[in-house]
Amino acid sequence: LDAHRGHDDTPLERKPNPWDLASLIYTSGTTGPSKGCMISYNFMCNLARLQLRAGPASANDVTITPLPLFHMNALAVGILSNILVGARVAIIPRFSVSNFWPEVERSGATIASILGGMGGLLANAPDHEAAKRCFGQIHTVRGNPFTEENKKVWRERFGARQVGGNGYGLTEACVITSLPGGEYAAPGSSGKRIADFDVRIVDDLDRELPANTPGEIVCRPLRPDIMFMGYWRRPEETLKLMRNMWFHTGDIGKFDDDGFFYFVDRKKDYLRRRGENISSFEMESAFARHPDIAEVAVHAVPSDKGEDDVKVTAILNPGAALTAEALFHWATDAVPYYALPRYIEFRETLPKNPQGRILKYQLRDEGKTASTWDIEATDIKVAKR
């Protein structure tokens with residue numbers, strides 16, 4: 001980088017204000033077209049400070065990340081938080097299961113900043129000699145969501161001490177629930193409300209719901225310049241989500257009696273089948289426990305009887321001989337009877353955005369394909385229980 005460094009150390013004539021536009025960060029686009037979030041300088045700095053609160057780092061640390069620099073995670077969590085403490089960052093061009101641990105060994109990384117799906121793939125990958133040599137080197141793994149099973153694997157197999165982030169947020173407002181590093185988190189939770197935001201759970205009429213009741217997550221800032229300033233050149237889209245002066249996240253969650261927050265699902269990914277609400281997030285966690293499944297997406301297919309039919313689209317581990325019918329029978333003991341999938345399809349790949357998140361809206365649009373297994377084309381009978 002020396003060839004690109006300047007030599008003029010004259011102080012800058014103008015420093016940006018906290019509310020000045022720092023960047024445009026586009027939403028992940030998992031439920032529809034991406035939108036550019038207008039992000040201020042203070043938003044980015046505040047997120048970096050909150051990350052250090054949740055997962056402390058020092059000048060001796062090296063953070064490794066394969067995440068793209070046009071994403072808030074790599075930009076603010078990966079880089080800016082390390083600038084604040086004088087630490088270093090190793091940016092690898094793309095995520096690779098086979099090359100992850102050699103890169104950790106090469107860079108001397110002590111913190112990994114990844115997404116939970118990547119953490120699951122690494123947790124279930126074959127043994128690697130570099131991983132064995134690096135046992136205990138990575139003390140903190142940042143990224144959501146991590147299942148409790150994958151957290152255990154990272155601690156026992158790789159020697160990590162802090163695994164996953166106990167926080168919830170999105171590009172427009174992150175983070176709004178969190179916990180200081182090392183503080184107890186209820187299993188499956190994502191921390192508690194932070195002092196920066198007022199966070200509520202509401203119904204479709206924006207009425208606040210009691211504890212333990214799922215509803216849409218809404219929030220508003222309690223300090224200046226810590227939430228996005230709107231969508232770039234989309235004022236109508238911004239106003240639509242600011243109904244009643246609350247930002248509507250489009251996510252479903254709940255708080256328990258002790259104030260712990262639990263993410264339930266994306267509102268657009270939530271399924272309703274025969275009068276029952278079904279969380280695709282919880283369903284995916286269940287199917288991911290099958291030893292032959294590498295990746296899975298659970299999503300709706302419109303039903304000719306109204307509401308939704310459930311479809312499981314999955315990638316099998318190499319060499320697995322699992323059939324759709326066998327997976328269905330396995331699922332009868334893993335998920336409620338009303339959530340059992342009508343459709344199952346195995347694929348070589350799943351459609352993803354650059355951050356590695358599965359594009360469920362594309363799977364929903366594709367619906368039942370020529371290679372989709374349909375229980376209604378079999379003689380299998382399911383008993384209620």
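## Close-up views of a predicted model

**View 1. Tyr26 and a nonpolar patch on the surface.** With a relative accessibility of 41%, Tyr26 comes out as partly exposed, since that class runs between the 20% and 50% cut-offs. Keep in mind for this and every other view that the model is predicted. Tyr26 belongs to strand β1, which covers residues 21-26. On the surface, Tyr26 teams up with Leu21, Leu24, Met229 and Trp232 in a nonpolar patch. Together these residues offer about 430 Å² of accessible area.

**View 2. Tyr184 meets Phe260 edge-to-face.** The structure has 15 aromatic pairs in total. In one of them, the rings of Tyr184 and Phe260 sit 5.9 Å apart, centre to centre, with 90° between their planes. This pair bridges distant parts of the chain, as the two residues are 76 residues apart. Tyr184 comes from the loop between β9 (173-178) and β10 (192-193), while Phe260 comes from the loop between β13 (247-255) and β14 (261-266). Tyr184 has 57% relative accessibility, so it counts as exposed. Phe260 is down at 7%, so Phe260 counts as buried. The ring of Phe260 has a charged partner as well: the charged end of Lys192 sits over it, 4.6 Å from the ring centre.

**View 3. Lys35 over Tyr231, and a cluster of rings.** Here is another charge-over-ring arrangement: the charged end of Lys35 sits over the ring of Tyr231, at 5.1 Å from the ring centre. Elsewhere, ring pairs tie Phe100, Trp101, Phe146, Trp154 and Phe158 together into a cluster.

**View 4. Pro221 and its contacts.** Pro221 lies in strand β12, which spans residues 215-221. Its relative accessible area is 34%, so Pro221 is classed as partly exposed. Leave aside residues up to four places away in sequence, and Pro221 touches Asp196, Phe197, Ile226 and Met227. For a backbone distance, take Ala195: its C-alpha atom is 9.2 Å from that of Pro221, and the two residues are 26 residues apart along the chain.

**View 5. Thr110, a buried loop residue.** Thr110 is in the loop that runs between α3 (97-107) and β5 (111-113). Its relative accessibility is 15%, and Thr110 is therefore counted as buried. What does Thr110 touch, not counting residues up to four places away in sequence? The list is Asp61 and Val62, plus Gln137, Ile138, His139 and Thr140.

**View 6. Three salt bridges picked from the model.** The full count is 29 salt bridges. Lys132 pairs with Glu129, and their closest N and O atoms are 3.5 Å apart. Both residues belong to helix α5 (residues 129-133), where a spacing of three residues means that they are separated by about one helical turn. Glu129 itself is partly exposed, at 48% relative accessibility. Arg207 and Asp203 make another bridge, with 2.8 Å between the closest N and O atoms. Asp203 has 19% relative accessibility, so Asp203 counts as buried, given that the class covers values under 20%. Then there is Lys352 with Glu295, where the closest N and O atoms are 2.7 Å apart. That pair links distant parts of the chain: Lys352 is in the loop between β19 (343-346) and α10 (360-366), and Glu295, 57 residues away, is in strand β17 (residues 293-302). Lys352 is partly exposed, with 33% relative accessible area.

**View 7. A network of salt bridges.** Which residues are linked in this network of salt bridges? Arg273, Arg342 and Lys368 bring the nitrogens, and Asp309, Asp374 and Glu376 bring the carboxyl oxygens.

**View 8. Backbone oddities worth a check by eye.** Most peptide bonds are trans, and most residues other than glycine have a negative phi. A cis peptide bond joins Cys174 and Val175, with omega at about -10°. Val175 is part of strand β9. Asn244 has a positive phi of about 60°, although it isn't a glycine. Met245 has a positive phi too, near 65°. Asn244 is located in the loop between α7 (235-241) and β13, and Met245 is in the loop between α7 and β13. Asn244 has a relative accessible area of 53%, so it is exposed. Met245 is at 64% relative accessibility and likewise counts as exposed.

Methods:
Residues numbered from 1 in each chain as written. Predicted model: local features only at pLDDT ≥ 70, side-chain atom pairs only at ≥ 80, totals over all residues. Heavy atoms only, no water. Phe/Tyr/Trp six-rings, centres within 6.5 Å; stacked < 30°, edge-to-face > 60°. Helix = DSSP H or I, 4+ residues; strand = E, 2+ residues; numbered from the N terminus. Buried < 20%, exposed > 50% of the residue type's maximum accessible area, 1.4 Å probe, protein only. Lys NZ or Arg CZ within 6 Å of the ring centre and 35° of its normal. Contact = heavy atoms within 4.5 Å. Patch = residues over 30% accessible without salt bridge, like charges linked within 9 Å, V, L, I, M, F, W, Y side chains within 5 Å. Areas by Shrake-Rupley, 256 points an atom, 1.4 Å probe, with all protein chains shown as cover. Salt bridge = Lys/Arg side-chain N within 4 Å of Asp/Glu carboxyl O.
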